[in-house]
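User: I'm new to reading structures, and I'd like to know how the labels get assigned. Can we go through this one together?

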Amino acid sequence: MEIEQKEIDAAVAKTQDPATKGFYMQQVMLRIKDPRKSLDFYTRVLGMTLLEQIDFPQAQFSLFFLGYLPEGTKLPEDKEERHAFAMSQPATIELTYNYGTEKDPNFKHHNGNSDPRGFGHIGIVVDDLQKACDRFESLGVEFQKRPQDGRMKTIAFIKDPDGYWIEIFNPKRLVTKE
């Protein structure tokens with residue numbers, strides 16, 4: 001059953017609580033099988049920058065924080081400054097690698113798009129959807145949906161090495177109604 005607009009309106013805060021001033025979305029975490037494949041994908045294919053790597057050898061996992069930086073931005077050399085910088089960047093991705101998963105041919109993370117459904121995708125903005133898709137195609141990236149597939153011609157979905165979906169779009173070209 002569809003939710004009525006008045007129910008949506010009633011659920012949305014009318015004003016921002018002053019206690020939340022300064023809050024922003026800093027990261028989303030994805031579990032990965034093989035950091036070599038994932039880091040190559042997110043840096044070379046999607047153009048992100050590795051902001052920080054934190055290793056926890058005794059707990060047998062590593063964290064990789066990636067994001068997009070304004071052109072000309074340099075990462076701090078000092079370890080503490082770099083950590084503070086990485087943790088203050090908006091909209092980053094934290095890739096979590098548990099040691100040894102890359103050696104298990106049957107190991108796979110649930111991407112949230114098969115039952116039971118949960119997490120859906122991340123979104124990446126591009127200037128030219130078709131040009132980006134042509135490049136992804138030439139790099140051998142797996143597509144879930146190309147722009148010409150289905151009814152929504154202004155978006156594409158690609159998959160990262162772990163099968164997570166990534167929506168590719170230009171916000172100036174999005175269609176908001178069918």
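User: Why is Leu30 called buried or exposed, whichever it is?

Analyst: Leu30 has a relative accessible area of 2%. Buried means under 20% relative accessible area, exposed means over 50%, and partly exposed is in between, using a 1.4 Å probe and protein chains only. The 2% of Leu30 is under the cut-off, so Leu30 is buried. Leu30 sits in strand β1, residues 27-32. By the way, this is a predicted model, where local features need pLDDT of at least 70 and side-chain atom pairs count only at pLDDT 80 or more, while totals for chains, interfaces and linings use all residues. Residues are numbered from 1 along each chain as its sequence is written, and side-chain values use heavy atoms, with hydrogens and water left out.

User: How much of the chain counts as buried?

Analyst: Of the 178 residues, 36% count as buried. The C-alpha trace spans about 50 × 45 × 40 Å along its principal axes. For a feel of distance, Leu30 and Lys153 are 27 Å apart in space, C-alpha to C-alpha, and 123 residues apart in sequence.

User: What makes something a helix or a strand here, and how many of each are there?

Analyst: Both are DSSP runs numbered from the N terminus: helices are H or I with at least four residues, and strands are E with at least two. On that basis the chain has 4 helices and 8 strands. Starting at the N terminus, the elements run α-β-α-β-β-α-β-β-α-β-β-β.

User: How do you know that β2 and β3 pair?

Analyst: Two strands pair if DSSP finds at least two bridges between them. Strand β2 (residues 49-56) and strand β3 (residues 61-67) are joined by 7 bridges, in the antiparallel sense, so they meet that rule. Looking at single partners, Gln53 is bridged to Phe64 in β3, and Ile54 stands opposite Leu63 in β3. The hairpin of β2 and β3 has 4 residues between the strands, and there Gln60 takes a positive phi near 60°.

User: Which sheet do those strands belong to, and what makes a strand an edge strand?

Analyst: β2 and β3 are in an open sheet of 4 strands, ordered β1-β4-β3-β2, with mixed pairing. Its edge strands are β1 and β2, each pairing on one side only. On average, neighbouring strands of this sheet are turned by 20° against each other, direction ignored; the axes are lines fitted to C-alpha atoms (for helices over the stretch in contact), and angles run from 0 to 180 degrees between N-to-C directions.

User: What is the order of the sheet that contains β5?

Analyst: That open sheet has 4 strands in the order β5-β8-β7-β6, again with mixed pairing. Here the edge strands are β5 and β6 (143-145), since each pairs on one side only. Neighbouring strands are turned by 30° on average, direction ignored. As for β6 and β7 (residues 155-159), they run antiparallel and are joined by 2 bridges. That count matches the minimum of at least two, so they pair. Phe143 stands opposite Ile158 in β7.

User: Why is the pair of Phe56 and Phe61 called stacked?

Analyst: Rings of Phe, Tyr and Trp (its six-membered ring) pair if their centres lie within 6.5 Å; planes under 30 degrees apart count as stacked, over 60 as edge-to-face and the rest as tilted. The centres of these two rings are 4.6 Å apart and their planes are at 20°, so the pair is stacked. Phe56, at 33% relative accessibility, is partly exposed, and Phe61, at 22%, is partly exposed too.

User: What makes Tyr97 and Tyr99 a tilted pair?

Analyst: Their centres are 5.5 Å apart, with 40° between the planes. That distance is within the limit, and the angle is neither under 30 nor over 60, so the pair is tilted. Tyr97 is buried at 9% relative accessible area, whereas Tyr99, at 30%, is partly exposed. The count by this rule comes to 5 aromatic pairs.
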